[in-house]
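Please look through the following structure with attention to how its chains meet and how its helices pack. The report below takes up these topics in turn.

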Amino acid sequence: MGSGPSLDAPAPVGFAEKIWRINWGLVLVLTAIAGIGVLALYSAAGGRFEPWAARHAVRYGSALVLMLVVALVHPKVWLALAWPIYIVSVLMLVAVDVIGKIGMGAQRWLVLGPIQIQPSEIAKVAVILMIARYYHGLRREQAGQFLYTLPPLAMILVVVGLVMVQPDLGTAMMVLMGGGALLFVAGVRIWMFLAAGIGAVACLPIAWSLMHEYQKKRVLTFLDPDRDPLGAGYHITQSKIAIGSGGMFGKGFLKGTQSSLNFLPEKQTDFIFTTFVEEWGMAGALVLLGLFALVVVWGFSIALRSQHHFGRLLALGVTAMLFLYMFINTAMVMGMLPVVGVPLPLVSNGGTALLSVMFACGLLIGVNVYRDAQLPRTR
Amino acid sequence: MKHFRKGDGERSGLFTRRALVLGGAQAVLLTALAGRLYQLQVVETDRFANLADENRISMRLLPPSRGLIFDRGGIPLAVNRNNFRVMAASERGRGADVLVERLDQILVLGDADKVRLLRELRRSRNAQPVVVRENLGWEEVARIEFNAPDLPGVFIDLGQSRDYPEGELMSHIVGYTGRVADEDLAGRDDPVLQLATMRFGKKGVERSFEDDLRGRAGAVQVEVNAVGRVVRELDRTEGQPGANALLTIDLDIQRFAAEKMKEHQSGSVVVLDVITGDVIAMVSTPGFDPSTFARGITQAEWRDLLDDPQRPLHNKAIAGVYPPGSTYKMVTALAALEAKVIDPWTRLPCPGYLELGKIKFHCWLKGGHGSTNVSEAIAMSCDCFFYEAARRAGIDRVSDMAQRLGFGKVSELGLPGESAANQPTRAWKQEKIGKAWQHGDTFNLGIGQGYMTATPLQLAIMTARLANGGYEVQPNLLLAKATPREELAPPAPRTKPTAPSLRLNPQHLAIIRQGMSDVVNTGHGTANALRAKQPEFTFAGKTGTAQVKRITEREREMGITQASLPWHLRHHALFVCYGPVDNPRYACAVIVEHGQAGGATAGPIGRDVLIETMKRDPSRRTDRFKKMASR
């Protein structure tokens, strides 16, 4: 598999061209979403920049730099790094699980010197890279065959399993659904999805028996929030009250009673959407969802314009991940899904999640910058 | 390179198709989110706005301050004073164990209190605070405040608690308050009663005037945060304090009567205004210290009070039942006169006993009184006369007269725990004993013995109705009530009874009263030693001795006398009286439990209390109140 100059080969792209090819409109949209995050966090702290809003702005600034740097890295580098990144993230997940076992209790963090790392955030991106790389190396017919579907399935399930035992149901669900979306666009036959769906339904009782007590409670509470209005159902109920009482145009900036009087749980992380929507109403919510929809549309157009399969799958995987993040979080706080710990990307307070999202966006923009790069179909 | 491009073209086509499907799915999901937003924020927004307000706005009741209680002269009998108390709140008892342990370390709660506190914390809804301890001293308040960071949900609250300045002297009349019990809630839906700090009348006037004294709760609307801490006040409605009560009791006479009772172990004195029914004094000894209830009585103290043979918690004036003995003879006489089976001049023989079949009914005077008319019989307390009078009148008419004079039923006084005692009738005996009424029963009833029992209050009521010319006065403790204290004033004095007349023949009443006057004021009267030294306080009365244990002939021969019996087997001593003799205004009944002889033990107390009452004449004098009120 050589890659020499050919008639079809595009002219090499210069640095200025690369900068030009960065989707600055997308960068603007991402910054607008992060700006909403700063606003909501400022309000969640009762009208103060401390402890969340200021830090969020600073973090976004550095993550923006990281994103732009990542965007300028040639996809072949990521193609080469896919395996190492995947293996390192799996090892870190194992480490987290082992430490969690010893420390008795849920453990999601790995402390490396001065920084805390959440390996599941890295693993999410690693899975996308791995699957994109795998299908990049397959022929069209192979992609449709059952045997060739097993390796990527294993890659997904290893990570899902390790994240599940942490236990972090939300992230596990995201990896599973994001991976599934990627397999779908990569060309896996529809009947396999149907079979997997039927199998999953059949396995529900087993999964149920493996779930932690609090997870079962959350599912039951989701099905009937009034079961325990002061216990597990409290979060959902209070969140719905906050969103509903916001009405069309909200209660006004810094005037949200549910968040300022602490009826909202986790108002700076998982329930930041609620905090924002209580004060800005349906109008604010639609603006925020519209910005996310713009990101998704941009992601699809980047994926469709990529000349190489790796780029297509990478771009679509990142887009699907962003969409799932956003959808699961907002659906959860509106009582459409069980309460699972998934932050709202770019808005919720939290460093690792922000960095991993911006890293993924860097990969997405990179696909656009190097959309016509020639990539060998390596295995 | 060709196959590469071709293969990629195929792949890219499939990718594009599938990507579009995925994008479509995402569009559907986004639409679902928007739809959910519409549902929550447009369709159901009013409901959620209400729920948000319910969350943040909390109504807190402001307990009203309890009405004060004064004697007829305006001397405070029950007042409120500031009470610092520790309150604790926890949501459904969360962390209650730790909290109670910490409180125990700081305040030393004791096991019973710890159990109660845990139970109340677990039961309290919406993190309603419960009372940990009341009446804190400064040192305890300081200790709680100092440890505040370790005591989440614990705070100091300034409330009011009841204080009884006259203590034991007024304990049975004023009573005391306690925590609201479940049975107190029956028929009362006042939400203020749900407050942990609320107190409810348990005994005495505190109980009978509870609904007047309590007042109406105010309410304050506050904004609270999720742990129930008040952020700011939104709205306030002031409540209304409870009504203040002016009692008919004259504290000076009450104290005088209690002093007189001191030399005896237990007993009771009741003084009534015969025109108005006002209770001027009502003493039951021994009493109890109501402050032990106000500060929270301990198990041990409660046991001691209950186990005391002289029953300090028992208001003997209304709940003590005794055979009235000879004080009942006026009833028998009046029944016979009204039935016209005797007339004022009828003389009946007394050979010392009467025979009924094989049974001998003895007169207390061995050898008998010879022959007496009705007023002489009362004056000398001749038993034989009343055996015969009762026999002639019959059980039904005696019993009916007794009930008209107040026996056998609860009065309209209103104090909790009043007994109806027992006025026997044919029907009563058939039902309760299962036997028919016998002639012997009528003989016994004629001299106030046998099945007959009465309370001191009933004896005073009977005396008052005889003295006021046959009006059905009811005893009464409340002179006036008013919410603003300035408006509290006694009503204008009355000189004529407003109660309905019993329609008794005035001549018959006059004969009875003559007999009662002769008891005290003639040489042959049984209580001549008691007669008043000053003519303006001349009074009338009747002695009585109620059998507790019958001393048999054999025992009498063995030399057993009343004084040699153990205390609890000795006779009760009774005395009823009224005065002044020509224009009666006050009636008094005295019982000294196991006091042996009416004339000797109960009589002097009755005389002294009655004369003291006549001297002070509380019913006609309101100047003392004006002096108190203007202070």
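In this predicted model, the contact between the two chains draws 42 residues from chain A and 36 residues from chain B. On the side of chain A that touches chain B, the elements that each give two or more residues are α8 (169-186), α11, α12 (257-260), α13 and α14 (309-333) of chain A. Among these contributions, that of α13(A) is the largest share, amounting to ten residues. The residues on this side of chain A divide by character as the table shows.

| Character | Residues on the side of chain A that touches chain B |
|---|---|
| nonpolar | 25 residues |
| polar | twelve residues |
| charged | five residues |

Within chain A, helix α11 (residues 233-246) packs against helix α13 (residues 272-305), with the axes 7 Å apart and at an angle of about 25°. Because angles under 35 degrees count as roughly parallel, α11(A) is roughly parallel to α13(A). The crossing in which α11(A) passes α13(A) is left-handed. From α11(A), the residues A:Ser239, A:Ala242, A:Ile243, A:Ser245 and A:Gly246 meet A:Thr274, A:Val277, A:Glu278, A:Glu279 and A:Gly281 of α13(A). The residues of this contact of α11(A) with α13(A) comprise three nonpolar, five polar and two charged ones.

Turning to chain B as a whole, this chain has 631 residues, of which 45% count as buried, and chain B contains 23 helices and 20 strands. Of the contacts in chain B with a separation of 6 or more, 76% are between residues 24 or more positions apart.

Note on methods: Residues are numbered from 1 along each chain as its sequence is written. Chains are lettered from A and ligands numbered from 1 in the order in which they are written. This is a predicted model: local features need pLDDT of at least 70, side-chain atom pairs count only at pLDDT 80 or more; totals for chains, interfaces and linings use all residues. Helices (H or I, at least four residues) and strands (E, at least two) are DSSP runs, numbered from the N terminus. A residue is buried if 20 or more other C-beta atoms lie within 10 Å of its own, exposed if 12 or fewer, and partly exposed in between; C-beta atoms are placed from the backbone. Two residues are in contact if their C-beta atoms, placed from the backbone, lie within 7 Å. Axes are lines fitted to C-alpha atoms, for helices over the stretch in contact, and angles run from 0 to 180 degrees between N-to-C directions. Angles under 35 degrees count as roughly parallel, over 145 as roughly antiparallel, 65 to 115 as roughly perpendicular and the rest as oblique. A crossing is left-handed if the near helix is turned anticlockwise from the far one by less than a right angle, and right-handed if clockwise. Ala, Val, Leu, Ile, Met, Phe, Trp, Tyr, Cys and Pro count as nonpolar, Asp, Glu, Lys and Arg as charged, and the others, Gly among them, as polar.
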